[in-house]
Amino acid sequence: MDFVSTMKAKAVSIRKRLVLPEGADPRILRAARIILDEDIAVNVTLLGKVADIQETAKKEGVDLTGITIVCPHAETNVNDYANEYYELRKHKGMTKEQAKVEIVDPLRWGAMMIRKGDADAIVAGIENTTGDVLRAGLSIIGIVPGLKTVSSCFVMAGLDPKWGIDGALIFSDCAVIPDPLPDQLADIAEGAAQSCREFLGVDPVVALMSFSTKGSASHDDVKKVQATVEILKSRNPGFVFDGELQADAALVPSVTDQKAPGSLVRGRVNTLIFPDLNSGNIGYKLVQRLGKAQAFGPFLQGFASPISDLSRGASVDDIVTTCAVTLSRAG
């Protein structure tokens with residue numbers, strides 16, 4: 001199966017619950033109907049004003065049967081959610097009164113549903129900015145223990161089968177952190193390694209990319225990647241990695257033998273870590289356009305529970321795919 005079919009099948013098999021905070025958006029409504037009808041989620045909760053959601057559904061011809069609608073302002077557990085939010089944010093000066101006001105924002109409410117175990121995955125971004133989604137996730141859902149950084153990855157698929165896993169690779173970070181410090185870059189590598197396990201179903205083999213291979217150039221940008229490699233060694237993260245490596249040294253065994261003889265990643269790389277957002281974003285777009293690859297993502301990584309950000313221009317199919325991928329990570 002292709003990537004999307006694989007993620008949908010996994011989501012169907014694990015039967016998890018989805019919350020969509022932007023419940024009155026027409027695309028979200030149509031996607032929710034598809035997700036429930038195809039059993040991609042066992043339950044779909046739309047957040048927003050009930051009348052607004054019902055009115056939009058009527059205009060769009062969407063049957064709401066089986067879909068749960070929640071208006072946070074009217075929920076009986078608002079005090080419970082507000083108290084939890086207050087405890088999380090009181091060190092930042094949050095008051096109990098302020099917590100009650102802020103928690104009924106659908107994005108925060110949806111994140112709290114995940115934290116409290118009332119849903120398993122959350123997808124937003126049609127109306128909210130990436131920054132909004134990240135802040136809700138960071139302040140309420142939190143980060144994987146041991147990490148301090150959230151980031152993103154793309155699944156690049158449809159390449160020549162000799163690359164990665166049957167032509168699929170993880171590219172990271174391509175969307176979140178412009179210029180990561182070594183500690184952050186190490187977190188990105190760990191997050192991407194987990195994404196590789198979840199999305200490609202294999203043990204990660206990670207290359208930390210640079211314009212230098214094993215000291216062939218001297219520059220602060222090279223030193224950053226070298227420092228990242230040392231940090232990963234000290235963490236003993238449980239996956240194979242090497243760096244700093246140029247792209248050809250990472251991917252082409254004959255070049256690896258010449259530039260980085262003895263590298264453990266030789267001929268096995270399935271996860272590429274870019275040193276900054278410039279190189280990551282440019283790299284994935286070049287591969288997508290010139291290499292005619294499929295680019296799925298960006299998918300957020302490093303959060304303690306599954307959360308995804310949508311482009312505000314996302315189509316219904318895009319939303320369904322992102323939801324399936326996000327739900328697949330909840331197993």
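Trainee: Does Lys292 count as buried or exposed, and at what relative accessibility?

Mentor: Before the answer, keep in mind that this is a predicted model. Lys292 counts as exposed because its relative accessibility is 71%, and exposed means over 50%. Lys292 sits in the loop between helix 12 and strand 10.

Trainee: What is the sign of phi at Lys292?

Mentor: The general idea first: most residues other than glycine have a negative phi, and most peptide bonds are trans. Here, Lys292 has a positive phi of about 55° although it is not a glycine. Asn236 is another case, with a positive phi near 50°. Asn236 belongs to the loop between helix 9 and strand 8, and with a relative accessibility of 65% Asn236 counts as exposed.

Trainee: Which residues does the cis peptide bond with omega near -10° join?

Mentor: That bond runs from Ser172 to Asp173. Asp173 lies in the loop between strand 6 and helix 8 (182-200). A cis peptide bond also joins Gly243 and Glu244, with omega about -5°, and Glu244 has its place in strand 8.

Trainee: Let's move to the sheets. What is the strand order in the open sheet of six strands?

Mentor: In general, strands of a sheet pair through backbone hydrogen bonds, either parallel or antiparallel. In this model, the six-stranded open sheet has the order 8-7-9-6-5-10, and its pairing is mixed. Strand 8 (240-245) and strand 10 (294-301) are the edge strands, each pairing on one side only. From one strand to the next, the twist averages 20°.

Trainee: In what sense do strand 7 and strand 9 pair?

Mentor: Strand 7 (residues 205-209) and strand 9 (residues 271-273) pair in the parallel sense, over three bridges. To find the register, look at Ala207, which stands opposite Leu272 in strand 9. Helix 12 (residues 277-290) packs on this sheet and touches strand 5 (151-157), strand 6 (169-172) and strand 10. The direction of helix 12 makes about 15° with that of strand 5.

Trainee: And which strands stand at the edges of the sheet with the order 3-2-1-4-11?

Mentor: That open sheet has five strands, and the pairing is parallel. Strand 3 (68-70) and strand 11 (307-309) stand at the edges; each has a single partner strand, so one side of each is left without a neighbour in the sheet. Neighbouring strands are turned by 20° against each other on average, direction ignored. Within this sheet, strand 1 (residues 17-20) pairs with strand 2 (residues 43-47) in the parallel sense over four bridges, and Arg17 has Asn43 in strand 2 as its bridge partner. Helix 6 lies across strand 1, strand 2, strand 3 and strand 4, at about 160° to strand 4. Helix 13 packs on the sheet too, touching strand 1, strand 4 and strand 11, and its direction makes about 155° with that of strand 4.

Trainee: How many residues does the largest nonpolar core have?

Mentor: The largest nonpolar core has 31 residues, and those with the most contacts inside it include Val19, Tyr85, Trp109 and Met113. Helix 4 (78-89), helix 5 (96-103), helix 6 (106-115), strand 4 (121-124) and helix 7 (130-141) each supply at least two of its residues. Among the residues that Met113 touches beyond four places in sequence are Val19, Thr45, Leu47 and Tyr81. Another core, of 30 residues, lies apart from it, and among its members are Ala193, Cys196, Val206 and Leu208.

Trainee: Which strand gives the most to the lining of the largest pocket?

Mentor: As a general idea, rolling a probe the size of a water molecule over the atoms shows where empty space is left. The largest pocket holds about 540 Å³ of space. Of its 27 lining residues, the closest to its centre are Gly297, Pro298, Asp309, Leu310 and Ser311. Strand 10 gives the most to the lining, with five residues.

Trainee: One last residue: is Lys224 buried or exposed?

Mentor: Lys224 counts as buried because its relative accessibility is 12%, and the cut-off is under 20%. Lys224 is found in helix 9. Leaving aside neighbours within four places in sequence, Lys224 is in contact with Asp179, Pro180, Pro182, Pro275 and Asp276.

How values were computed. Residues are numbered from 1 along each chain as its sequence is written. This is a predicted model: local features need pLDDT of at least 70, side-chain atom pairs count only at pLDDT 80 or more; totals for chains, interfaces and linings use all residues. Side-chain values use heavy atoms; hydrogens and water are left out. Two strands pair if DSSP finds at least two bridges between them. Axes are lines fitted to C-alpha atoms, for helices over the stretch in contact, and angles run from 0 to 180 degrees between N-to-C directions. Contact means heavy atoms within 4.5 Å. A nonpolar core is a set of buried Ala, Val, Leu, Ile, Met, Phe, Trp, Tyr and Cys residues joined through side-chain atoms within 4.5 Å. Buried means under 20% relative accessible area, exposed over 50%, partly exposed in between (1.4 Å probe, protein chains only). On a 1 Å grid over the protein atoms alone, a cavity is a set of points where a 1.4 Å probe fits but cannot get out, and a pocket is an open set with protein on both sides within 12 Å along at least five of seven lines; lining residues have an atom within 4 Å of a point. Grid points are joined across faces, edges and corners, and a volume is the space filled by probe spheres set on the points.
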